[in-house]
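Good morning, and thank you for joining. I should like to take you through one chain, beginning with a single pair of residues and working outwards.

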Amino acid sequence: MTTETERVWTDQLLTDPHAVQDKRERVRTMFNAIAPRYELVNRVFSLGRDGYWRRRAVSLAKVHAEDDVLDIACGTGDFARAFHAAGPRSVTGCDFAEDMVRLARERSPDSIEFREADALALPFPDASFSIVSCAFGVRNLQDLDAGFREMHRVLRPGGQAVILEFTRPENRVLRGLYEFYCHRIMPFGATWISGDRTGAYRYLPRSVVSFADASEMADRLRQAGFQRCAWTPLTFGAVTVLIAQRKSHE
């Protein structure tokens with residue numbers, strides 16, 4: 001693989017980052033490297049909208065007091081904390097980047113449990129949670145369909161998957177402005193603020209434009225066993241909330 005100081009994402013790899021065979025290890029190395037300033041970069045380069053996106057996704061989930069929430073690819077815990085604020089019975093976060101998990105524990109209430117775990121092999125029994133969430137993480141999975149199947153497996157019948165992910169605006173003018181910002185402005189500023197040497201902020205926008213759109217993600221959620229999958233675009237389609245339900249009786 002690479003050492004921590006080497007560039008994880010090269011121009012060649014970025015031609016199709018989702019087809020890279022060792023994508024999983026590259027993503028983990030990258031997120032461990034950028035963990036300390038990850039939240040700061042998100043706030044600055046989303047123009048402060050990332051907190052709103054998470055709160056809106058939680059609102060769309062209609063959280064109840066008896067819910068048990070699992071947030072996968074939890075990073076430093078932003079989405080888990082947003083769910084915790086909605087008052088469910090429990091919130092658990094997991095991520096395979098150990099530095100992200102460490103910071104999540106430091107920045108979150110003790111009542112949120114955080115575990116180091118791979119989203120493709122979750123260490124939880126079948127039907128353990130009523131909500132499984134993921135914010136800006138499914139496009140980083142080595143195998144998206146396997147990730148969706150794991151989300152389905154750990155959900156109780158009638159439970160829901162809540163996915164928040166970057167997407168591309170449908171309006172051609174807005175899409176052009178969005179992609180100019182993501183490819184020409186954000187990578188340089190984010191790299192400078194974070195001190196990143198892995199190429200993370202070149203990978204992240206490239207991973208969006210080469211990833212499935214909301215319609216394809218919904219189709220693949222249905223193929224994984226979900227039903228009634230709907231999506232809500234936010235901020236002119238720059239991000240999308242997808243909510244898919246596991247059947248009540250199977």
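Please look at Ile 72, whose bridge partner in β2 is Cys 94. What you have on the screen is a predicted model. The pair belongs to the contact between β1 and β2, residues 90-95, which run parallel and are joined by five bridges.

What else does Ile 72 touch? Leaving aside residues up to four places away in sequence, its contacts are Cys 94, Ala 119, Leu 122, Val 132, Ser 133, Cys 134 and Met 151. Ile 72 is also one of three residues, with Leu 70 and Val 138, that touch the most other members of the largest nonpolar core, a set of 29 residues. Two or more residues of this core come from each of β1 (68-72), β4 (129-135), α6 (144-154), β5 (155-166), α9 (214-223), β6 (226-234) and β7 (239-246). Among these contributors, α6 gives the most, with four residues. There is also a second core, separate from the one just described; it has 26 residues, including Ala 61, Val 63, Phe 83 and Leu 164. In soluble globular proteins, nonpolar side chains tend to be buried together.

Let me turn to the sheet. In what order do its strands lie? The order is β3-β2-β1-β4-β5-β7-β6, in an open sheet of seven strands with mixed pairing. β3 (112-116) and β6 are the edge strands, each pairing on one side only. From one strand to the next, the twist averages 15°.

Two helices deserve mention here. Helix α4, residues 78-85, lies across β1, β2, β3, β4 and β5, and runs at about 140° to β4. Helix α5, residues 98-107, also packs on the sheet, where it touches β2 and β3, and its direction makes about 165° with that of β3. Within α4, the buried residues are Asp 78, Phe 79, Ala 80, Ala 82 and Phe 83. Phe 83 is also a member of the second core. Just after this helix, Gly 87 takes a positive phi of about 85°.

Now consider the other end of the sheet, and β7 in particular. How many of its eight residues are buried? Eight of the eight are, and the cover extends to both faces. Val 239, Val 241, Ile 243 and Gln 245 lie on one side, with Thr 240, Leu 242, Ala 244 and Arg 246 on the other. In a regular strand the side chains alternate between the two faces of the sheet.

β7 pairs with β5 in the antiparallel sense over seven bridges, and there Val 162 stands opposite Ile 243. Seven bridges likewise join β7 to β6, again antiparallel. Here Trp 231 stands opposite Leu 242, while Leu 234 has Val 239 as its bridge partner. β6 and β7 form a hairpin with four residues between them, and Thr 235 in the turn has a positive phi of about 50°.

Finally, the chain as a whole. It contains nine helices and seven strands. Its radius of gyration is 17 Å, close to the 18 Å that the globule rule gives for 250 residues, so the chain is as compact as a globular protein of that length. Of those 250 residues, 55% count as buried. Among contacts between residues at least 6 apart in sequence, 68% join residues at least 24 apart. The exposed area is about 11,600 Å², of which carbon and sulfur atoms supply 51%.

How values were computed: Residues numbered from 1 in each chain as written. Predicted model: local features only at pLDDT ≥ 70, side-chain atom pairs only at ≥ 80, totals over all residues. Heavy atoms only, no water. Core = buried A, V, L, I, M, F, W, Y, C linked by side-chain atoms within 4.5 Å. Buried < 20%, exposed > 50% of the residue type's maximum accessible area, 1.4 Å probe, protein only. Contact = heavy atoms within 4.5 Å. Pairing = 2+ DSSP bridges. Axes fitted to C-alpha atoms, helices over the stretch in contact; angles between N-to-C directions. Rg over C-alpha atoms; globule rule 2.2 N^0.38 Å. Areas by Shrake-Rupley, 256 points an atom, 1.4 Å probe, with all protein chains shown as cover.
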